[in-house]
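Hi everyone, thanks for making time. I'd like to walk you through one model, so let me put it up on the screen.

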Amino acid sequence: MFSKQAKSGPKAASRAEAPASLPSSNPADPTRRATPKVASLLSADLTIEGSIEGEGELQLDGILRGDVRVARLSVGETGHVEGAVQADLVEVRGRIVGTITAKQVRLYGTAYVDGDITHEQLSMESGAYFQGRSLKFQRPPAPIQPTPEPEVLAITATPVEA
């Protein structure tokens with residue numbers, strides 16, 4: 001339908017070459033972009049007994065009886081955790097019965113948490129249920145560097161005879 005005749009010459013040959021801006025297939029190449037991490041999903045019809053550990057994101061809509069250690073955890077309204085939770089960010093819309101240790105914790109209006117929360121930042125919406133202790137992370141203070149002793153210059157005077 002729409003066609004254009006290809007011109008012969010150096011421009012036509014350069015179209016067949018790969019563009020120089022594409023990353024190389026060498027994994028050690030620093031220009032290669034890392035693939036974005038996709039959240040793992042445990043659906044509402046799943047029940048898992050055992051611990052989960054990883055470096056990614058987990059969306060939990062089912063039931064987990066065990067400990068969780070991930071970078072980011074989102075517990076959906078149908079989600080239920082019975083065990084310790086450790087993550088950088090925890091968002092709760094469902095139930096957690098156990099301790100939570102995270103930099104940032106968000107309890108939404110449908111959240112039910114029965115256990116201690118150790119955090120740097122905690123936010124709760126109206127309607128959220130929380131039974132336990134809220135323990136604020138206290139980052140250790142920077143170590144105090146000893147001050148160096150000042151240098152003492154020794155000046156000796158010799159009497160000059162006239």
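I'll talk about the aromatic rings, then about one strand and its partners.

Quick caveat: this is a predicted model.

Okay, rings. How many aromatic pairs does the structure hold? Just 1. The partners are Y112 and Y129, and they're stacked, with 4.6 Å centre to centre and 10° between the planes. What I like here is that the pair links distant parts of the chain: Y112 belongs to strand 12, residues 112-114, while Y129 belongs to strand 14, residues 129-131, and the two tyrosines are 17 residues apart.

Are those rings buried or partly exposed? Y112 counts as partly exposed because its relative accessibility is 23%, where the buried label would need under 20%. Y129 is at 36%, so it's partly exposed as well.

Y112 has another neighbour, by the way: R95 lies over its face, 4.0 Å from the ring centre. And there's a similar arrangement to look at with R93, whose charged end sits over the ring of Y108, at 3.9 Å from the centre.

Now, strand 9, residues 85-92. It's mostly covered, with 6 of its 8 residues buried. Which strands does it pair with? Strand 11, residues 100-107, runs parallel to it over 7 bridges, and there V85 stands opposite I100. V85 also faces V68, in strand 6, residues 68-69, which is parallel to strand 9 and joined to it by 2 bridges. Then strand 7, residues 72-75, adds 4 bridges, again parallel, including the one where S74 partners E91.

That's my tour, happy to discuss.

Notes
Residues are numbered from 1 along each chain as its sequence is written. This is a predicted model: local features need pLDDT of at least 70, side-chain atom pairs count only at pLDDT 80 or more; totals for chains, interfaces and linings use all residues. Side-chain values use heavy atoms; hydrogens and water are left out. Rings of Phe, Tyr and Trp (its six-membered ring) pair if their centres lie within 6.5 Å; planes under 30 degrees apart count as stacked, over 60 as edge-to-face and the rest as tilted. Buried means under 20% relative accessible area, exposed over 50%, partly exposed in between (1.4 Å probe, protein chains only). A charge sits over a ring if NZ of Lys or CZ of Arg is within 6 Å of the ring centre and within 35 degrees of the ring normal. Two strands pair if DSSP finds at least two bridges between them.
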